[in-house]
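Here's a friendly first look around a structure you haven't met before. Open it up and follow along.

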Amino acid sequence: MAATYREFTGLNLPATEQEILAKWTEQQAFEKSVSLREGATPFVFYEGPPSANGMPGIHHVISRTLKDLVCRYKTMKGFQVKRKGGWDTHGLPIELGVEKELGITKEDIGKKISIEEYNQKCREAVLRYKDKWDDITRKMGYWVDLNDPYITFKNEYIETLWWLLSELYKKGLLYESVSIQPYSPAAGTGLSSHELNQPGTYKDVKDTSVVAMFKTVKDEKTGFLYNALGQDNTSDEVFFMAWTTTPWTLPSNLGLTVGGNIDYVLVKTFNPYTHLPVNVVLASALLGKYFKPEGENGDFGGYTAETKLLPWTVLTTFKGKDIEGASYEQLLPFEANSFEDSIQYSTENAKPFRILVDSFVTTEDGTGIVHTAPDFGADDFKVGTKYGIGYFTHVNKYDKREKLVLVDLEGKFVNGLGEFSNRFVKNYKDDKAYADVNVDISVKLKKENRAFKVEKYEHSYPHCWRTDKPVLYYPLSAWFIKTTAIKDRMVQLNKTINWKPASTGEGRFGNWLENMVDWNLSRSRFWGTPLPVWQTEDGREEVCIGSIEELNAGIRKASEVLGGDVNKNYLHEGILDLHKPYVDEIILVSPSGKPMKRVPDLIDVWFDSGAMPYAQWHFPFENKETFKQSFPADFIAEGVDQTRGWFYTLHAIACLVFDSVAYKTVVSNGLVLDKNGNKMSKRLGNVVNPFETIEKFGADATRWYLITNASPWDNLKFDLDGIKEVQRKFFGTLYNTYQFFALYANVDGFSFQEKYIPLEERPEIDRWILSSLNTLVKTVTGSMDDYEPTQAGRAVEDFVDEHLSNWYVRLCRRRFWKGEYSGDKISAYQTLYECLETVVRLVAPISPFFSDAVFRNLNAITNRFPGVESVHHTDFPVANEKAIDESLEERMQLAQDASSLILSLRKKVNIKVRQPLQKVLIPALNPKMKEQLEKVEDLVKAEVNVKEVEYLNPDNTFISKKIKPNFVALGKKLGPKMKAVSTALSQFSQEDIARLEKEGQYNLSIDGESVILQITEVEISSEDIPGWTVANKGSLTVALDVTVTPQLEAEGNAREFVNRIQKIRKESGFELTDRIEVIVTAANGMKESISQFKEYICAEILADKLEIVAELSDGIEIEVNDVLLKAIVSKKG
RNA sequence: AGAUCCGUAGCUCAGCCUGGUUAGAGCACUACACUGAUAAUGUAGGGGUCAGCAGUUCAAAUCUGCUCGGGUCUACCA
């Protein structure tokens, strides 16, 4: 006999995977999958670089499965898919990790440890877990090229970043400006949001809060307020009331912000402190906070200092937008914040002291009017910038380091603020004698009739996690990329990107683009890409370096021009490492001959990763051609949390520098949650270890589970039981189907040597499964092309389980072990083989191991793919349209439904399937249906063990029918009359239905109007057959003749007997082909049954002798339909 | 605070785009059956205010609005 198909010894996915992995390594399967496509159209994929300073988690497995399956699929579709790996190696997480490890803080860097040493530690830390990552990459079957990855800390990589930055600089898109950042005066440093999110930084504190009164200026905008004051008003002053918990910011006030659609009121009343008559403006929703209802329209004339109840009356109501642009007087004018000397000096054309409108205003607290100091609040800064009310921050073009913020970096007021000058705004020095300047400001306002309410207010406020002192939001200088300049273009290009799911692109990403702000690149850390900008001391001259060569030229030039020791360590070889501290030692020279130093900033690590399309190839310094062919990407995929991270930075840089998208399709996968829907975190201890999972259940089962359980973009509740189910149900079934095939193919020596039997010569069921298979290929291809792997996987699951295993194989079993090796049997083998071979190619992208194992086993014998080592080197199956026969698939569905119904009827009357029954009755509603049923009649009969099928013609009066409206058709036609018609139809008699069927239409009278019903507008189905047991599903009805005649009973006995003997054969461990001899005692009716069907029985059990005797002293006791027998079964020969 | 996704059986998910009258499947549970591949499978059973409210419509799980609950991102140094 020829070589045999390898049979598995059990379904052990992890073991199979080990074996396949070894083969892949040995045969360089991945490399070949790429090289075999040399010259083919490239499919460009970008690998988002992971940071290898942490352990890989299960959430990495899902996005990498997604990436891998798309790349494998595209390879099989004939593209060449190169996958260059990469590592993200800069950034705060790495630095914090190192700090923790060394037990130091940011301040210690440069003091306790040199920057050089520190960065060396970071460099060592970044690839700490690279081995683990390589390991998981291998074990999960992720094909990516890790031999030549891009690494973001490499000089070549950084050089490309510099080039990009210099391109931006040349276009005027890189600029220095001021932004409001959390700042700790006590520690003298800015804080990252990460630091601000440390536990315990937000504390409840009691601060002095004040409702300040800003006196309006009478002009066009405010005129209507003054007009509303009334004749009897004893005051002609109108005040805007604004509330703050940080009175120290009041001297810096430059605007008041209101909500455009919020209702405001002008209220006539008295100042509760000075008892002077005043008119104040606040949000109407907040009246209750300051005025008692009893005081409304109270006694104004009788009000004195002693009156407790404040009288008040609303003079007019208006919207916030009605006072947009209104002016008011500066609240606390001093020398240092005077308009002429300070504000205008700080900001050209500033227009301060106006009413602004913005959506962040609410009426939950305060007055509905927000005191706006652009220096000390991000929202304030934003709205202030929008309206151009100016800043105190002074960035002088020619002396940019001079700042004129009213509070200095130590947290104290500057000079020129009268009695508040040089006082700390909070007690930063732990001064025991500290007098709260906020209280003093409030007192001053009270005295000046400029405060309406002063009270202690408890709220949550961020504190510096190192000093425990409150944080200030403070303007600090930073470098920005002017992304807003090309916002429209970015929005426009985004519309050409295929987002999966689309909502992320339109919604989350689209909105993000709409509300884009300039990209703050600056980071004041140590381990990262340095900003390549050098400036002269006075800031008047600066240069942005775009390459190492340019820098080295600058180094030499500076040395020549400036002389002395300048750059002496870099003259010989140039710069060797583009990191701190080396770059900071470089002095360049300006055109006017002045020394220039590098600005201290590093850049956002997201720029590193967003620049990978260029930097991974060291473009434009090398690989120009390679770059051209691999930009933009056809496909990228990462977690949805990257939407505003990597997806954004890729898009931004591509738009800015190349006016192009960076990727054509992007799939954003959701999060992996634990089985209870909680985010996995080390703290909760619910993290799933991917190594253990893969070792235990196998990568294939894990991958299959991750992909088919939910759409990749939905969050996934990860549950190990789900993987077990996948293993058992999908892989178990596929495995069994293969084992079944191998078992018999080995017996018969089938190796696909015979010529391919044309479809038309194959039996109905073969043509059906092949039609189904080709439909499946179409479905899967469509889903995969649409980046819907979940649907692809589910479709295959359904096919393997319902069609292939539980219908085709089950119904065809006999064909494989009965009869000669010819004709029908070969057809069966060829059919099943084709199904298996096609299915493993379909699932190869998702479950690359098991599919390859089965493929290799099959191809080893048949060599249908000559010389092909792996399923991953084959082409993806292409549907054969000619094999698809919809009508065939439809009638097989009919057969399955009919069988299911008949089995259900058998169950109802408790007649087991081995007991043959005589007849089923099926009403055929139309000739087409009858024709369809007739073609599958034999299958149904065999499946449910019934001898004949009888059809009832539509015009019989035997069965009763039911009628219901075809809602889709009738709804459109009738509209509101639908209900009445529906009721009328439900009252139809059998005669009415018959008349409608006969005449094809029916005249109904609804509310006096006549409605003509067409036959096509109703659905008629059979309901019942009097005297028969019936069941129905949809339009299919079956009735079963449940009479068991003696003849049928005898046959049932015989079948039951066969079953018992087969069990004995199996238990005795006989081979499938062993011939046997049987001696049996049979009493009562059993003797007749057995002798009558002796021939049938012998054929079934492969017996050469079946002897019935009266007595047996030994033998196995068997029970056939409640009759006890004894039997001796012996192997012949 | 804003944006976005999600909410259907005890659990995991279909169905929603394109509205149609008994809302499905698998898992789990129970009983019976089938099996000369099966770790399967079939049949039957229990299990649902389709998160809630309002609207549009003859008709809403499906379309619209609001509310609630959960997740994520952003809110100026990942």
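Which element gives the most to the lining of the second largest pocket? That would be α26, with 8 residues. Before we go further, keep in mind that this is a predicted model.

## The second largest pocket

Let's stay with this pocket. The space in the second largest pocket comes to about 2000 Å³. Its lining has 47 residues, and R813, R814, W817, Q1062 and E1100 are the closest to the pocket's centre. Several elements give two or more residues to the lining: α24 (720–748), α25 (764–785), α26 (789–817), α27 (823–843), α30 (927–944), α34 (1046–1068) and α36 (1094–1101).

What sort of residues make up the lining of the second largest pocket? They split into 21 nonpolar, 21 charged and 5 polar.

## A stop on α26

Helix α26 is also home to N806. Is N806 buried or partly exposed? Its relative accessible area is 35%, so N806 counts as partly exposed. If you'd like to get a feel for distances, try N806 and A1050: 244 residues separate the two in sequence, and they sit 29 Å apart in space, C-alpha to C-alpha.

## The nonpolar cores

In soluble globular proteins, nonpolar side chains tend to be buried together. Here, the largest nonpolar core holds 129 residues, and Y5, F741 and Y808 are the ones that touch the most other members. Take Y5 as an example: leaving aside neighbours within four places in sequence, Y5 is in contact with Y738, F741, A742, A745, N746, F750, S751, Y833, N857, L858, I861 and T862. Another core lies apart from the largest one; it has 68 residues, L174, I548, W617 and W646 among them.

## One side of α15

Now jump to helix α15, residues 502–514, where T504, G505, F509, G510 and L513 are buried. Why are these buried residues on the same side of α15? Because they cover an arc of only 155° around the axis.

And what covers the buried residues of α15? The cover includes two helices, α14 (487–494) and α21 (646–658), along with the strands β15 (498–500) and β24 (663–669).

## A loop residue to finish

Last stop: K154, which you'll find in the loop between β2 (145–151) and α7 (155–170). K154 has a relative accessible area of 38%, so this residue is partly exposed. K154 and S359 are 205 residues apart in sequence, and from C-alpha to C-alpha they are 45 Å apart in space.

Terms used: Residues numbered from 1 in each chain as written. Chains lettered and ligands numbered in written order. Predicted model: local features only at pLDDT ≥ 70, side-chain atom pairs only at ≥ 80, totals over all residues. Heavy atoms only, no water. 1 Å grid on protein atoms, 1.4 Å probe; cavity = no way out; pocket = protein on both sides within 12 Å on 5 of 7 lines; lining within 4 Å. Points joined across faces, edges and corners; volume = space filled by probe spheres on them. Helix = DSSP H or I, 4+ residues; strand = E, 2+ residues; numbered from the N terminus. Nonpolar A, V, L, I, M, F, W, Y, C, P; charged D, E, K, R; others polar. Core = buried A, V, L, I, M, F, W, Y, C linked by side-chain atoms within 4.5 Å. Buried < 20%, exposed > 50% of the residue type's maximum accessible area, 1.4 Å probe, protein only. Contact = heavy atoms within 4.5 Å. Arc of directions from axis to C-beta.
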